[in-house]
Amino acid sequence: MTCPNCRSACRKFGKHRNGLSRYQCRPCKRTFTEPHSKPLGGMYTEVANAEQVLKLLVEGCSINTIERVTGVHHGTILKILVIAGEKCEKIMGRMIVNVPVRDVQCDEIWGYVRKKEKHKLPAEENDDSIGDAYCFIAIERYSKLVLNFALGRRSQATTDAFIEGLRAATSPQRFQISTDGFQPYVSAITTTLSDRCDFAQLIKVYTQDPEGQRRYSPPDVSHAKKVPVMGNPDPDFICTSHVERQNLTVRMQMRRLTRLTNAFSKKWENLWAAYCLHFAWYNFVRIHMKLRVTPAMEAGITGKVWTLRELLEAA
């Protein structure tokens, strides 16, 4: 440590009340504190409290539950979520690039903001920040790494942006990709990934709902068809089971996606921040039960298990 005034070497001079080391310049006798780290920007909340809030968020607790447990105001909790989401988005974009993959699976998970699509008022029909919010997810079959995700409407535009992000996340070596029967995948993948992947769709055929079936009961699958689309995909590996199991993990760990509750997102920005936090935590912090390491370690992106505080301080 050098003195900012006379550029002389300094010696340690105790600690500040916030725990940071203090230094004293021997020639000019000036004292000063080491540079402050501000992972929360201008917020006055202690990092330890913010870390506890994030731990409860990624374990599926609601905002009101976290407020009761920690005593942190719900407005502060949402600010911490947004800040952490922005940092996690940068980490994912910086570290998950040119990853070698063998088998990729894609799927969409449904959610909504403020109200469901069918409940929108006539004046809200053209407002895409209200209503259905689909998250497109791409996962690597063997490392369980979430390669890319995109939040938007279930449309061609969102699918194109999602596949373009997937191209940036994967290395040029050839791999196989499997999706469901959503038609926009065909145009997006054949246009963007034609030089590096074998593509097939697993199309599930559902039975008609019998009379008297409960409203929230899913229809039964009568059979599934494996349809090769591009290249030479291996029929034995045309599968979407792993990404569909990932959808269950998302719903279990994100309170905003719990069905039949009032915990749904009221703002699009908060839902996006929650997704960014969840996937960064899943890739870098959460140890996968089968792998016994994090997906990022299995994919060779990092050599250690991260903490939530490191996610806050890394970006």
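The lining of the largest pocket mixes 14 nonpolar, seven polar and twelve charged residues. The model is predicted. In it, this pocket holds about 1,200 Å³ of space. Its lining counts 33 residues, and those nearest the centre are Glu 108, Trp 110, Pro 218, Arg 251 and Arg 259. Three elements each give two or more residues to that lining: β4 (103–113), β8 (197–206) and α6 (241–253). Strand β4 gives the most, with six residues.

From β4, step across to strand β7. The two strands run parallel and are joined by three bridges. One pairing to look for is Asp 103 with its bridge partner Gln 176 in β7. Strand β7 also runs parallel to β8, and here five bridges join the strands. Ser 178 stands opposite Ala 200 in β8. Between β7 and β8 the chain passes through helix α5 (residues 184–192), and this β-α-β crossover is right-handed.

Now look at β7 itself, residues 175–179. Five of its five residues are buried. Both faces are covered. Phe 175, Ile 177 and Thr 179 lie on one side, with Gln 176 and Ser 178 on the other.

Last, turn to a loop. His 288 sits between α7 (268–284) and α8 (295–298). Is His 288 buried or exposed? His 288 counts as buried because its relative accessibility is 14%, and the cut-off for buried is under 20%. Beyond its neighbours within four places in sequence, His 288 is in contact with Lys 144, Tyr 282, Val 293 and Thr 294.

Terms used: Residues are numbered from 1 along each chain as its sequence is written. This is a predicted model: local features need pLDDT of at least 70, side-chain atom pairs count only at pLDDT 80 or more; totals for chains, interfaces and linings use all residues. Side-chain values use heavy atoms; hydrogens and water are left out. On a 1 Å grid over the protein atoms alone, a cavity is a set of points where a 1.4 Å probe fits but cannot get out, and a pocket is an open set with protein on both sides within 12 Å along at least five of seven lines; lining residues have an atom within 4 Å of a point. Grid points are joined across faces, edges and corners, and a volume is the space filled by probe spheres set on the points. Helices (H or I, at least four residues) and strands (E, at least two) are DSSP runs, numbered from the N terminus. Ala, Val, Leu, Ile, Met, Phe, Trp, Tyr, Cys and Pro count as nonpolar, Asp, Glu, Lys and Arg as charged, and the others, Gly among them, as polar. Buried means under 20% relative accessible area, exposed over 50%, partly exposed in between (1.4 Å probe, protein chains only). Contact means heavy atoms within 4.5 Å. Two strands pair if DSSP finds at least two bridges between them. A crossover is right-handed if, with the strands pointing away from the viewer, the path from the first strand over the helix to the second runs clockwise.
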